[in-house]
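User: I am new to this structure and would like to understand the reasoning behind the labels given to its parts. Could we go through them step by step?

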Amino acid sequence: MTQKTLGDFPIAQRWAPRTPGAIQLYSFPTPNGVKVSAMLEECGLPYDAHTVKLSEAGSPEFRTLNINGKIPAIIDPDGPGGGAFGLWESGAILIYLAEKTGRFLPDDLAQRYETIQWVMFQMAGIGPMFGQYAFFLRGGGAEMTDPLPRERYFNETVRLLNVLETRLADRPNIMGEDFTIADLANFPWVRTARDYFNEDDALGLSKLPHVMGWLDRCLARPTVQD
């Protein structure tokens, strides 16, 4: 099979690469977008960051790369086998970049799968539940008079934060001493919980000192601040 080049991807016509040999990142600074850009910074990989507004993610050009029409997505010009490789879903991108660079994912097989477990915890739990809570708190669902949806997602948001609090009670990072893709997957969403919808400490973040300490440490990393 003929290997693809960056020029074979129609999305590169809409968002033209500035550095063709660099990873092309198509994203927006949502929590899911931040975790991939932070990973690229942590790995020291050269990349072109293309801003794709959420309204543009459903465009025909973007959907040629991600049929699901969601940011983020990447094209690695030096993908598996040496050809250009496109990938979407932020959790999959984190795992791909970790394996490409040999960083932020343990070599020990048991630790490796446990790290991926916590990435999936974010993908299946924290991301969808926090997102739904945001929708019913400040998005289109805020106009609903029925309190049940908001209460449901509020309670699940609080529960998931407490799962992290339990996990972080005896360790500086989700996997212990080492900073991993488990931290990169989760911290942008917890920052959103703190900054975007924690009015008057409704989520009880003051009672989650381990989570808040971990979040501060994540945000203090120079690569996260870039």
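User: What makes Cys218 buried or exposed?

Analyst: In this predicted model, Cys218 has a relative accessible area of 1%, and because buried means under 20%, Cys218 is called buried.

User: How do you know how many disulfides there are, and why is Cys43 in a bond or free of one?

Analyst: A disulfide is a covalent bond between the sulfur atoms of two cysteines, and a pair of cysteine sulfur atoms has to lie within 2.5 Å to be counted as one. The cysteine sulfur closest to that of Cys43 belongs to Cys218 and is 15 Å away, which is too far for a bond. Cys218, for its part, is in no disulfide, with the sulfur of Cys43 as its nearest cysteine sulfur. The search of the whole structure accordingly finds zero disulfides.

User: What makes Cys43 buried or exposed?

Analyst: The relative accessible area of Cys43 is 11%, and since the limit for buried is under 20%, Cys43 also counts as buried.

User: Why are α4 and α7 called roughly parallel or roughly antiparallel?

Analyst: The axes of helix α4, residues 90–101, and helix α7, residues 181–195, come within 10 Å and cross at roughly 150°. Angles over 145 degrees count as roughly antiparallel, and therefore α4 and α7 are given that description. The crossing of α4 past α7 is right-handed, and the contact is made by Leu94, Ile95 and Ala98 of α4 together with Ile181, Leu184 and Ala185 of α7. Sorted by class, this contact has six nonpolar residues, no polar ones and no charged ones.

User: Why are α7 and α8 called roughly parallel or roughly perpendicular?

Analyst: Helix α8 covers residues 209–219, and α7 packs with α8 at an angle of about 110°, their axes being 10 Å apart. Because angles of 65 to 115 degrees count as roughly perpendicular, α7 and α8 are described in that way. Here α7 passes α8 in a left-handed crossing. The residues making the contact include Phe187, Val190 and Arg194 of α7, and Trp214, Leu215 and Cys218 of α8. By class, the contact of α7 with α8 has eight nonpolar, one polar and four charged residues.

User: How do you know whether Thr157 is buried or exposed, and what is it in contact with?

Analyst: Thr157, which lies in helix α6, residues 148–167, has 0% relative accessibility and therefore counts as buried, the cut-off being under 20%. Apart from neighbours within four places in sequence, Thr157 is in contact with Met129, Phe130, Tyr133, Phe197 and Leu203.

How values were computed: Residues are numbered from 1 along each chain as its sequence is written. This is a predicted model: local features need pLDDT of at least 70, side-chain atom pairs count only at pLDDT 80 or more; totals for chains, interfaces and linings use all residues. Side-chain values use heavy atoms; hydrogens and water are left out. Buried means under 20% relative accessible area, exposed over 50%, partly exposed in between (1.4 Å probe, protein chains only). Axes are lines fitted to C-alpha atoms, for helices over the stretch in contact, and angles run from 0 to 180 degrees between N-to-C directions. Helices (H or I, at least four residues) and strands (E, at least two) are DSSP runs, numbered from the N terminus. Angles under 35 degrees count as roughly parallel, over 145 as roughly antiparallel, 65 to 115 as roughly perpendicular and the rest as oblique. A crossing is left-handed if the near helix is turned anticlockwise from the far one by less than a right angle, and right-handed if clockwise. Contact means heavy atoms within 4.5 Å. Ala, Val, Leu, Ile, Met, Phe, Trp, Tyr, Cys and Pro count as nonpolar, Asp, Glu, Lys and Arg as charged, and the others, Gly among them, as polar.
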